[in-house]
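Here's a quick walk through one protein model, region by region. Have the viewer open while you read.

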Amino acid sequence: MTNITGLDSSDISKLSSTIQDYLSLIYVMERDQEPVVGSRLAELLGVTPPTVTNTLKRMTRDGLITMNKDGTHLTESGWSAARVVMRRHMLMEWMMVKTLPWSQLHNEAHQLEHAISPMTETALMEQLGRPQTCPHGNPLPGCEQAVATWIPLTKIPAGETITIRRIHELAEENIQLLGYLETKRIMPGTRATVTEILPFNQTITVEVEGQPIMLGNAAARFIYVETQHSRSTP
């Protein structure tokens, strides 16, 4: 059962929206065992590297992260706060899924996630049936096992029939990419066939509803799919 009580409202309300944004991105990087690099944070957040450096120093001072020779890592309190931010963000996406285009959910939820109270969070979890993933297929904190068998599209051979299951959180930061994927129906639940892989120009072509769609590997690596084999794996 998903833990929905991670932090009380007074704890998370002490964190600015900027700090919450940093926490959610660092959370994703740490969850996926990727190094937390200042330049990457600056790119994703649309700020300058010096701004990232100053913010990380402030987060270290406040006990949310540690920075040393082993890299940048969330502390226990930072990890707990990040889980709350991520969960509330995803619940906001589900709340708006019938109102807004799929490609717009992430940006809109980003504006609302900071204002959710623990009471609203709990109510939404129950009303939505305790979802394990967001509308983009990413796992709510504590539900990582639900997506464990899904495979990056870049690892699928030509000729394989797949089901699109997940668009990684880091790809959600690119609204133009999400818009393109939505128009081409590259969304969770869509069936497709990998028809061509061209290593020389790093592209993958998939067929969706009879239409060929070419994707660069830079985008395809953020698209996770389910194959017949992974679906039958316990």
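The notes below go through the sheet, the core, a hairpin, a helix and a few single residues.

## The six-stranded sheet

Keep in mind that this is a predicted model. Let's start with the sheet: six strands make it up, it is open, and the order runs β3-β8-β4-β5-β6-β7 with antiparallel pairing. At the edges sit β3 (151-152) and β7 (211-216), each of which pairs on one side only. Helix α9 (residues 175-183) packs on this sheet and touches β4, β7 and β8 (223-227). If you compare directions, α9 makes about 160° with β7.

Zoom in on β7 and its neighbour. Strand β6 (residues 203-208) runs antiparallel to β7, and six bridges join the two. One pair to pick out is T205 with its bridge partner in β7, M214.

## The nonpolar core

How many residues does the largest nonpolar core have? The count is 62, and the residues with the most contacts inside that core are L23, M59, L153, V206 and I223. Two of these names are worth a stop.

Take I223 to begin with. Leaving out residues up to four places away in sequence, I223 touches I151, P152, L153, I164, R166, I167, L181, I186 and L215. So L153, listed among the residues with the most core contacts, is also one of the contacts of I223.

Then there's M59, which you'll find in helix α4 (residues 49-61). M59 has a relative accessibility of 0% and counts as buried, because the cut-off for that is under 20%. Setting aside residues up to four places away in sequence, its contacts are I19, Y22, L23, I26, L64 and I65. For a sense of distance, M59 and E121 lie 62 residues apart in sequence, and their C-alpha atoms are 25 Å apart in space.

## A small hairpin

I65, one of the contacts of M59, leads us on to the hairpin. Strand β1 (residues 65-68) pairs with β2 in the antiparallel sense over four bridges, and the hairpin that joins them does so through two residues. I65 stands opposite L74 in β2, while N68 has G71 of β2 as its bridge partner.

Which residues of β2 (residues 71-74) lie on the covered face, and which on the uncovered one? T72 and L74 are on the covered face, whereas G71 and H73 are on the uncovered one. In a regular strand, side chains alternate between the two faces of the sheet.

## Helix α7 and what comes after

Helix α7 (residues 118-127) has E121, L124 and M125 as its buried residues. Looking down the axis of α7, these fall within an arc of 100°, so they line one face of the helix. The face turned away from that buried side carries the exposed residues M119 and Q127. Part of what covers the buried residues is α5 (76-95).

The helix is followed by G129, whose phi is positive, near 75°. R130 has a positive phi too, about 50°, although R130 is not a glycine. That's worth a look, as most residues other than glycine have a negative phi. R130 sits in the loop between α7 and β3 and is partly exposed, with a relative accessible area of 27%.

R185 also has a positive phi without being a glycine, with a value near 65°. Its place is the loop between α9 and β5 (191-198), and at 40% relative accessibility R185 counts as partly exposed.

## Cysteines and a buried histidine

How many disulfides turn up in a search of the whole structure? The answer is zero. C134 is in no disulfide, and the nearest cysteine sulfur, that of C143, is 11 Å away. A disulfide would need the two sulfur atoms within 2.5 Å. Both cysteines count as buried: C134 has a relative accessibility of 2%, and C143 has 5%.

Last stop: H168, in the loop between β4 (161-167) and α8 (169-172). Is H168 buried or exposed? H168 is buried, with a relative accessible area of 2%. Not counting residues up to four places away in sequence, H168 touches V28, R31, D32, N138, F222 and Y224.

Note on methods:
Residues are numbered from 1 along each chain as its sequence is written. This is a predicted model: local features need pLDDT of at least 70, side-chain atom pairs count only at pLDDT 80 or more; totals for chains, interfaces and linings use all residues. Side-chain values use heavy atoms; hydrogens and water are left out. Buried means under 20% relative accessible area, exposed over 50%, partly exposed in between (1.4 Å probe, protein chains only). Contact means heavy atoms within 4.5 Å. A nonpolar core is a set of buried Ala, Val, Leu, Ile, Met, Phe, Trp, Tyr and Cys residues joined through side-chain atoms within 4.5 Å. Two strands pair if DSSP finds at least two bridges between them. The arc is that of the directions from the helix axis to the C-beta atoms. Axes are lines fitted to C-alpha atoms, for helices over the stretch in contact, and angles run from 0 to 180 degrees between N-to-C directions.
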